[in-house]
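Q: I would like a close look at one part of this model, followed by whatever connects to that part. Please keep the account plain.

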Amino acid sequence: SVHSFPTRRSSDLRTEVLCQWVDSVREGAFPAGVWEANALDSEAFADLRVTVSPAVAVDVRTGLNQSAAIVVAGGTADGFDLIDVARYESGRELSVDAVVAETVGILERLRVSSVAMDKYGDNAHVILAFEAAGVEVRRLDTADMRAATGALTDALINGRLKHKGQEPLTVAVLGAEKRSSGEGFLFSQARSSTDITALRAANVAYWAYRSGGPADYDVLDSFF
């Protein structure tokens with residue numbers, strides 16, 4: 001299942017995964033308390049799906065510790081926006097072909113015609129693989145990523161955007177570090193204490209959703 005990630009309290013993840021004491025942790029990706037305040041109840045919203053103008057984003061990390069994340073962002077029938085991890089995996093040798101195939105399947109189920117990605121760094125060779133497979137790629141440059149990070153942060157602070165407490169994304173958020181970029185900031189994998197591919201993919205997916213989704217999307221065709 002693409003929605004099989006465990007949901008755990010941020011305080012548990014801080015202590016057990018990141019070895020951070022809850023009463024003395026640093027901020028992470030967002031101001032203290034913001035991520036926790038926008039977590040949905042894991043039982044009440046376990047089956048919640050994006051049903052309004054979904055956007056799909058992919059982010060990968062290469063090197064000794066490789067990872068890939070596919071995230072869907074969009075609106076819901078409950079009236080708020082949602083970021084949802086559709087796929088996350090990590091290991092020493094990830095298959096680009098498998099990432100592309102999994103993403104294509106998600107795009108087809110959601111009737112979305114393109115995938116969004118940060119065009120720099122580790123994603124560059126994956127973008128070529130998507131294009132070779134006939135998939136349109138919405139490429140974000142540094143200015144786009146800066147705007148995306150600001151928009152994601154603002155949406156969480158103002159309570160417009162929710163998440164399901166999925167472990168890959170929450171671990172990324174709690175371990176993320178930021179770096180200054182122009183008049184804004186970016187999430188920095190190099191400075192972070194955890195893998196942040198899920199956060200980076202969520203950032204791009206939300207930007208893609210807010211910047212415009214498909215006009216002919218049919219909610220009845222969205223279910224996994």
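How much space lies in the largest pocket, and which residues line it closest to its centre?

A: The model is a predicted one, and the values below are computed from it. The largest pocket holds about 370 Å³ of space. Its lining is made up of 20 residues, of which Asp118, Tyr120, Phe187, Gln189 and Arg200 are the closest to the centre of the pocket. Four elements each give at least two residues to this lining: strand E1 (52–61), helix H5 (142–157), strand E8 (184–188) and helix H7. By class, the lining of the largest pocket has seven charged, eight polar and five nonpolar residues.

Phe187 leads from the pocket to the aromatic residues. Together with Phe30, Trp35 and Phe185, Phe187 forms one aromatic cluster. The structure holds five aromatic pairs. In one of them, Phe30 and Trp35, the ring centres are 6.0 Å apart and the planes meet at 10°; the pair is therefore stacked, as the angle is under 30 degrees. Phe30 and Trp35 are both buried. Another member of the cluster, Phe185, has a charge over its ring: the charged end of Lys178 sits there, 5.1 Å from the ring centre.

Helix H7, which also contributes to the lining of the largest pocket, spans residues 197–210 and contains Tyr206 and Tyr209. These two tyrosines are three residues apart in H7, so about one helical turn separates them. Their ring centres lie 6.0 Å apart with the planes at 50°, so this pair is tilted. Tyr206 counts as buried because its relative accessibility is 2%, under the 20% cut-off. Tyr209, at 12% relative accessibility, counts as buried as well.

Strand E1 offers another route outward from the pocket. The backbone nitrogen of Val60 is reached by the side chain of Asn123 at 3.0 Å, and the numbering of E1 runs from 52 to 61. Asn123 is placed in the loop between strand E4 (114–118) and helix H4 (124–132). With a relative accessible area of 0%, Asn123 is buried.

The second largest pocket can be set beside the first. Its volume is about 180 Å³. It is lined by 13 residues, and those closest to its centre are Gln66, Ser67, Tyr88, Ser90 and Asp195. Strand E2 (66–75), strand E3 (81–91) and helix H6 (167–175) each supply at least two residues of this lining, with the largest share, three residues, coming from E3. The classes here are six polar, four nonpolar and three charged residues.

E2 and E3 also take part in an enclosed space. The model has three cavities of 30 Å³ or more, and the second largest cavity contains about 50 Å³ of space. E2, E3 and helix H3 (96–110) each provide at least two residues of the lining of this cavity. The lining consists of Ala68, Ala69, Ile70, Arg87, Glu89, Ala98, Val99 and Glu102. Five of these residues are nonpolar and three are charged, with no polar residue in the lining of the second largest cavity.

Conventions
Residues numbered from 1 in each chain as written. Predicted model: local features only at pLDDT ≥ 70, side-chain atom pairs only at ≥ 80, totals over all residues. Heavy atoms only, no water. Phe/Tyr/Trp six-rings, centres within 6.5 Å; stacked < 30°, edge-to-face > 60°. Buried < 20%, exposed > 50% of the residue type's maximum accessible area, 1.4 Å probe, protein only. Lys NZ or Arg CZ within 6 Å of the ring centre and 35° of its normal. 1 Å grid on protein atoms, 1.4 Å probe; cavity = no way out; pocket = protein on both sides within 12 Å on 5 of 7 lines; lining within 4 Å. Points joined across faces, edges and corners; volume = space filled by probe spheres on them. Nonpolar A, V, L, I, M, F, W, Y, C, P; charged D, E, K, R; others polar. Polar contact = N/O pair within 3.5 Å; in protein donor to acceptor, adjacent residues only side chain to side chain.
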